[in-house]
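Work through the exercises below with the coordinates open. Try each task before reading its solution.

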Amino acid sequence: MAKAWSLLLLLIILVFVAFVEGSHGSKLSQNYYKSTCPQVLSIVKAKTESTLKKKPRMGASLLRLHFHDCFVNGCDGSILLDDNSTFIGEKTALANNNSARGFELVDDIKAEVEKTCPGVVSCADILAIAARDSTVVLEGPSWKVKLGRRDSITASRADANKFIPAPSFTLSALKSNFHAQGLSLKDLVALSGAHTIGLARCTTFRAHIYNDSNIDPSFAKSLQHKCPRNGKDNIHRRLDLRTPITFDNFYFRNLLKKKGLLRSDQELFNDKSADSLVKKYAADSSKFFKQFTKSMIKMSNIKPLTGNSGQIRINCRKVN
């Protein structure tokens, strides 16, 4: 009899836990909006595709927004918040100031979603979906985006300055930075492959082209013509020389030739611990794509707000 009661009690506890998790949405799910906003994926996809056809560089911008969002206290849409009377947000952090782009596009997507499903879909989830869709539009891999994140009600420039990896980082610093987010060396190398698209400002690669030895001399010299030691901080150059608006594995091929634009890029092929991964992804884009999707799913699951935490912002730029 005692055993039967113990089993019954265990069953009651399991049912209760399942109910609590289900009712508060504590876990992300691919089908989170299946009944509340089934159109969200098609809305985000349509808006992202139409924009990237005209402005393909925006794909890299959206992917970067999601990355920078997740690295600062989790994937909670905090990067989208404007400053207010209670906090200085992340938009003016060193990595984002005069650099982060795509906020207007996120506003447009959110407005379209709100027309169909008011007050249902978070800004954090919209960023996660748009990052995936951008990668696909630029001929990269696709993955199933888990949803159910809620939006933060605060943001922190100080935390953004602390947690977003800098282009000057050594491999050791990069490893520590990613490890703090629960990400491995394999994740670090694969996610860095997102630099196969987009541009970087002179101020982010100046030190590498003038001070470092692990760079092709002719490559460095060609960049020095455009990016002087002083001034022209906002001159842009391609992160991937050959195919800057195609998501492929040329980023890794560039590293093998010591033609990584940022110091933090070339550091991946400057140390035996990461060299083998760079070589593998340079030789086989399918292996890069496979790991990139795994690492994106893992990164997108960093400390999401769920259940009753946070809120669903109506306007991504401000707290309700």
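**Exercise 1. Find how much area domain 1 and domain 2 bury between them, and describe the contact.**

Step 1. Domain 1 and domain 2 bury about 1700 Å² between them, with 72% of it on carbon and sulfur atoms. Buried area is the accessible area (1.4 Å probe) that two parts lose on being put together, summed over both.

Step 2. Arg57, Phe71 and Trp143 supply 30% of what domain 1 buries against domain 2, more than any other three residues.

Step 3. Set the bounds. Domain 1 covers 39–164 and domain 2 covers 171–298; such bounds come from an automatic or database domain assignment. Their C-alpha centres lie 22 Å apart.

Step 4. Count the residues. Domain 1 gives 22 residues to the contact and domain 2 gives 18, where contact means heavy atoms within 4.5 Å.

A note on the source: this is a predicted model, where local features need pLDDT of at least 70, side-chain atom pairs count only at pLDDT 80 or more, and totals for chains, interfaces and linings use all residues. Residues are numbered from 1 along each chain as its sequence is written, and side-chain values use heavy atoms, with hydrogens and water left out.

**Exercise 2. State how many salt bridges and polar contacts link domain 1 and domain 2.**

Step 1. The salt bridge count is zero. The test is a side-chain nitrogen of Lys or Arg within 4 Å of a carboxyl oxygen of Asp or Glu.

Step 2. Three residue pairs are in polar contact across the interface, both residues at pLDDT 80 or more. A polar contact is a pair of N or O atoms within 3.5 Å; within protein, one must be able to donate a hydrogen and the other to accept it, and residues adjacent in sequence count only if both atoms are side-chain atoms.

Step 3. Helix H3 (residues 57–70) brings seven residues, the largest share of the domain 1 side. Helices (H or I, at least four residues) and strands (E, at least two) are DSSP runs, numbered from the N terminus.

**Exercise 3. Explain why helix H8 counts as largely enclosed.**

Step 1. Six of the eight residues of H8 (residues 185–192) are buried, so the rest of the structure largely encloses this helix. Buried means under 20% relative accessible area, exposed over 50%, partly exposed in between (1.4 Å probe, protein chains only).

Step 2. Name them: Asp187, Leu188, Val189, Ala190, Leu191 and Ser192.

Step 3. Their packing partners are helix H7 (171–179), H11, helix H13 (272–283) and helix H14 (285–299).

Step 4. Check the N-terminal end. Serine 184 caps H8 there, with a side-chain oxygen 3.3 Å from the backbone nitrogen of lysine 186.
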